[in-house]
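Open the model in your viewer and keep the selection box at hand. We will go from stop to stop, picking residues as we go.

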Amino acid sequence: MSVRRCNDFRWDDVEVLAYKETGSHFRDITRQILFGAELDLQAQLRYFEIAPGGYSTLERHLHAHGVMILRGRGRVLLGDRVESVTARDLVSIPAMTWHQFRADAGESLGFLCLVNAERDKPQLPTDDELAQLRATPAVAEFIRW
Ligand code: MN
């Protein structure tokens, strides 16, 4: 049992990690695992923070994400839609839905992301899938790859 305090979106005893190792396209984003293996949960709660101008990987996978925006504003790709998001909004990302977050409103975008502890690896778009995504103009304008 513990209480870990937060100071400016950094928590006691929580490491600020690289977002991902290699092999995908992203920019200016960090990852903190707030609840991971230390509790007997089937889930993890992570905090991601995207610096202004940054973005997460354009990806999809079999596992779902429950996301709560915690700070700032930005936009998210959800399937074939682009939505504005702001602090305390909830974003549901079902299985196999293309998604990408962007801090494109001139401020940091921080969000909590709830996932299954055991989950499949993200899939990146093939050239064909990218072309399909770009067939929707709002999506073509939005995605970073
Ligand atoms: Mn994902």
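## Stop 1: Phenylalanine 111 and the core

Select Phe111. Setting aside neighbours within four places in sequence, phenylalanine 111 touches Arg46, Tyr47, Phe48, Ile50, Val67, Met68, Ile69, Leu70 and Phe101. Keep in mind that this is a predicted model.

Now widen the selection. Phe111 is among the residues with the most contacts inside the largest nonpolar core, together with Ile50, Val67, Ile69, Val91, Phe101 and Leu109. That core has 17 residues. Which elements give two or more residues to this core? They are strand 5, strand 6 (65–71), strand 7 (73–78), strand 9 (90–93) and strand 11 (109–116). Strand 11 supplies the largest share, four residues. Here is a general rule to go with the view: in soluble globular proteins, nonpolar side chains tend to be buried together.

Next, select Leu133, Val139, Phe142 and Ile143. They are among the eight residues of another core, which lies apart from the one you just saw.

## Stop 2: The manganese ion

Select the manganese ion. Which protein residues are its donors? Pick Glu59 (OE), His61 (NE2), His65 (NE2) and His99 (NE2). They lie 1.9 to 2.3 Å from the ion. Along the sequence, the donor residues follow the spacing E-x1-H-x3-H-x33-H.

Check how covered these donors are. Histidine 61 has a relative accessible area of 1%, so it is buried. Histidine 65, at 9%, is buried too. Glutamate 59 is also buried, at 6%.

Stay on glutamate 59 and add lysine 20. Their side chains form a salt bridge, 2.4 Å from N to O. This pair links distant parts of the chain, 39 residues apart. Glutamate 59 sits in the loop between strand 5 and strand 6, and lysine 20 in the loop between strand 3 (17–18) and strand 4. Lysine 20 counts as partly exposed, with 22% relative accessibility.

## Stop 3: More salt bridges

The whole structure holds eight salt bridges. In general, side chains of opposite charge can pair when their charged atoms come close.

Select arginine 71 and glutamate 49. Their side chains meet in a salt bridge of 3.0 Å, N to O. Arginine 71 is in strand 6 and glutamate 49 in strand 5, so the pair ties together parts that are 22 residues apart in sequence. Is each partner buried or exposed? Arginine 71 is partly exposed, at 24%. Glutamate 49 counts as buried, at 11%.

Then pick Arg75, Asp104 and Glu141. Salt bridges with shared partners join these residues into one network.

## Stop 4: Unusual backbone angles

Select aspartate 28, in strand 4. Its phi is positive, about 55°, although the residue is not a glycine. Aspartate 28 is partly exposed, with a relative accessible area of 41%. Add arginine 27: the side chains of the two residues meet in a salt bridge of 3.4 Å, N to O.

Move to arginine 88, in the loop between strand 8 (81–86) and strand 9. Arginine 88 has a positive phi of about 80°, and it is not a glycine either. Arginine 88 counts as exposed, at 62% relative accessibility.

## Stop 5: A nonpolar patch

Finish on the surface. Select Phe35, Leu39 and Leu41, which make a nonpolar surface patch of about 250 Å². Where is leucine 41? Leucine 41 lies in the loop between strand 4 (27–35) and strand 5 (43–55). Leucine 41 is partly exposed, with a relative accessible area of 43%.

Definitions and conventions. Residues numbered from 1 in each chain as written. Predicted model: local features only at pLDDT ≥ 70, side-chain atom pairs only at ≥ 80, totals over all residues. Heavy atoms only, no water. Donors = N, O, S within 2.8 Å, 3.2 Å for Na, K, Ca; no water. Buried < 20%, exposed > 50% of the residue type's maximum accessible area, 1.4 Å probe, protein only. Patch = residues over 30% accessible without salt bridge, like charges linked within 9 Å, V, L, I, M, F, W, Y side chains within 5 Å. Areas by Shrake-Rupley, 256 points an atom, 1.4 Å probe, with all protein chains shown as cover. Salt bridge = Lys/Arg side-chain N within 4 Å of Asp/Glu carboxyl O. Core = buried A, V, L, I, M, F, W, Y, C linked by side-chain atoms within 4.5 Å. Contact = heavy atoms within 4.5 Å.
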